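Let's take a walk through this protein chain together. Keep the 3D view open and turn it as you read.

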Amino acid sequence: MTTEHLDRWNAHEASAEAMIPIIGKLYREKGVTILLHSRSLVNKSVISILRTHRFARQIEGEELSIEETLPFLEVLGELDLGACKIDLGRLAMAYRAEGGGRSVAEFTAAVLAEVTDGNKAEAQGPRDVVLYGFGRIGRLVARLLIEKTGSGNGLNLRAVVVRKGGEGDLAKRASLLRRDSVHGQFNGTIKVDAENDAIIANGNVIRFIYSDDPTTIDYTAYGIDEAILIDNTGRWRDRQGLAQHLRPGIAKVLLTAPGKGDVPNIVHGVNHRGLDLSERVVSCASCTTNAIVPPLKAMDDEFGIVRGHVETVHSFTNDQNLLDNFHKADRRGRSAPFNLVLTETGAASAVAKAMPDFKAKITGNSIRVPTPDVSVAILNLQLQRETTREEVLEYLRRVSLSGPLSRNLDYTAATDVVSSDFIGSRAASIVDANATIVDGDTAILYLWYDNEFGYSCQVVRTVQYISGIEYPTYPRTGGHDSAAEIPELVAQ
């Protein structure tokens, strides 16, 4: 029996194991995030690193060898780097195309000259963050913020504001953060400091402030300054209500629900760069808006959209009842685990806020279904020109691998995926290639999205942007600020 495949696998594992300490040291000591095809390798396991290398098949049709990327990482470990993101996949591919006989060390030093030695950028953080509310989205955002603490020069989760839930409140909050029925256990350790009303998660001291009135809180009393407050309660959605959070210590407010009135609705990847950074009250729109706007933007850019309809098959949420009971909405009072529940979605109308130049009319409805997480949006689009299924899929595949939407839009050609396969997906939505239907000027897209975790990732991306802690990705060409804007070289 041959051991060729096992020997090769063991060699790959050894290379991945060698990567982990270098990646961790760069992240903690220098604020450098190592990516592979736009996917972070920070705090990833050996298997996860190997899987990400295998993902290269979607770009070049062949697997990117870890033995090829490890020498670049070893060189990075020796360079005097400033805070930035570096994509190993892109480095390796650029070297293939432009190496010109130079060594890996010479090439890497040359293409990273603007972020090394005297040119290196100073860290923009730390930036304090406060969570107002600690529900499904709040706890997932907390997990992501803790995961991204790094050297301490990034986003720093300082406090959570909640209503007192009775005896043992803090221990119960810690338990909900530690274990999650959908998303699994917290990746790390959590301690409860009852004396100081704090939870210590992976070394992050998070103070719990008990209040039911945002206008009574002085955050500077807790050492919090110029913080971004993330309101994930949805209790207030207009500027006047959300402005109540602008207390001493709070510089900006971000809502994790559709904003009303003149509150800007931001979908990261589509309109975040157009935001006036002096704006103090911002909304991240809804999970469904974040799921449909990136593919709508992509399709409109290439094919033009005359009109469309979105139907979402959406997992039930805490807004519904376990058993039939009174609810202010007509149908949501009926038992969520027992029924398909027709309801409205504001996502279609929210498209206009995220894409004001988008002229097509979009209608929408939603069906709540008895699953706890992951939803699918079905976009039925009339295009301005006729096309083919092959053209649409090849275009969307490339959009998901390169360009400004590569962090937000993903793509799967798998024939056997179901909703639970997308739990934990960090994309705003994932195009299901095999379900796609194209007939002349009609295109029907099926888009999976983790309406909890994928949306939480979009929230954190937006917070990073408005806080100034969103560093460019290197190497870059043509003066672009992000590797996501360089065609052909990166993947979501």
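What follows goes from the domains to some helix pairs, and then to two spots in the backbone.

Bear in mind that you're looking at a predicted model. To get your bearings, split the chain into three pieces: domain 1 covers 4-112, domain 2 covers 127-257 and domain 3 covers 287-451. Start with the first two. Going by C-alpha atoms, the centres of domain 1 and domain 2 sit 34 Å apart. They do touch: four residues on the domain 1 side are in contact with five on the domain 2 side. Putting the two together buries about 350 Å², and carbon and sulfur atoms account for 43% of that area. Which three residues of domain 1 should you click on here? Try Tyr27, Arg28 and Asn43, since this trio supplies 86% of what domain 1 buries against domain 2, more than any other three residues.

Now for the helices. Two packed helices are described by the angle between their axes and the distance between those axes, and we'll use both for each pair.

Begin with helix H4 (residues 66-78) and helix H6 (residues 104-111), whose axes are 10 Å apart and meet at an angle of about 60°. That angle is why H4 counts as oblique to H6. As for handedness, H4 goes past H6 in a right-handed crossing. If you show side chains, you'll find Pro71, Phe72, Val75 and Leu76 on the H4 side of the contact, with Val104, Ala105, Phe107 and Thr108 on the H6 side. Sorted by class, this contact has seven nonpolar residues and one polar, with no charged ones.

Next, move along to helix H10 (residues 287-302), which packs with two partners that we can take in turn. One partner is helix H11 (residues 347-354): the axes of H10 and H11 come within 9 Å and cross at roughly 60°. This makes H10 oblique to H11, and the crossing is right-handed. H10 brings Thr288, Thr289, Ile292, Val293 and Leu296 to the contact, while H11 brings Ala347, Ala350, Val351 and Ala354. Seven of these contact residues are nonpolar, two are polar and none are charged.

The other partner is helix H12 (residues 389-401), where the axes come within 11 Å of each other and the crossing angle is roughly 125°. With that angle, H10 is oblique to H12. The crossing of H10 and H12 is right-handed. Which residues of H10 does H12 meet? Look for Ala298, Met299, Asp301 and Glu302 in H10, facing Glu391, Val392, Tyr395, Leu396 and Val399 in H12. In this contact of H10 with H12, the tally is six nonpolar and three charged residues, with no polar ones.

While you're around H10, step back along the chain to the loop that links strand S11 (281-283) to H10, and pick out Ala285. Its phi is positive, about 55°, although Ala285 isn't a glycine.

Our last stop is the segment after strand S20 (473-474), where you'll find Pro475. Is the peptide bond joining Tyr474 and Pro475 cis or trans? It's cis, with omega at about -5°.

Terms used
Residues are numbered from 1 along each chain as its sequence is written. This is a predicted model: local features need pLDDT of at least 70, side-chain atom pairs count only at pLDDT 80 or more; totals for chains, interfaces and linings use all residues. Side-chain values use heavy atoms; hydrogens and water are left out. Axes are lines fitted to C-alpha atoms, for helices over the stretch in contact, and angles run from 0 to 180 degrees between N-to-C directions. Helices (H or I, at least four residues) and strands (E, at least two) are DSSP runs, numbered from the N terminus. Angles under 35 degrees count as roughly parallel, over 145 as roughly antiparallel, 65 to 115 as roughly perpendicular and the rest as oblique. A crossing is left-handed if the near helix is turned anticlockwise from the far one by less than a right angle, and right-handed if clockwise. Contact means heavy atoms within 4.5 Å. Ala, Val, Leu, Ile, Met, Phe, Trp, Tyr, Cys and Pro count as nonpolar, Asp, Glu, Lys and Arg as charged, and the others, Gly among them, as polar. Domain bounds come from an automatic or database domain assignment. Buried area is the accessible area (1.4 Å probe) that two parts lose on being put together, summed over both.
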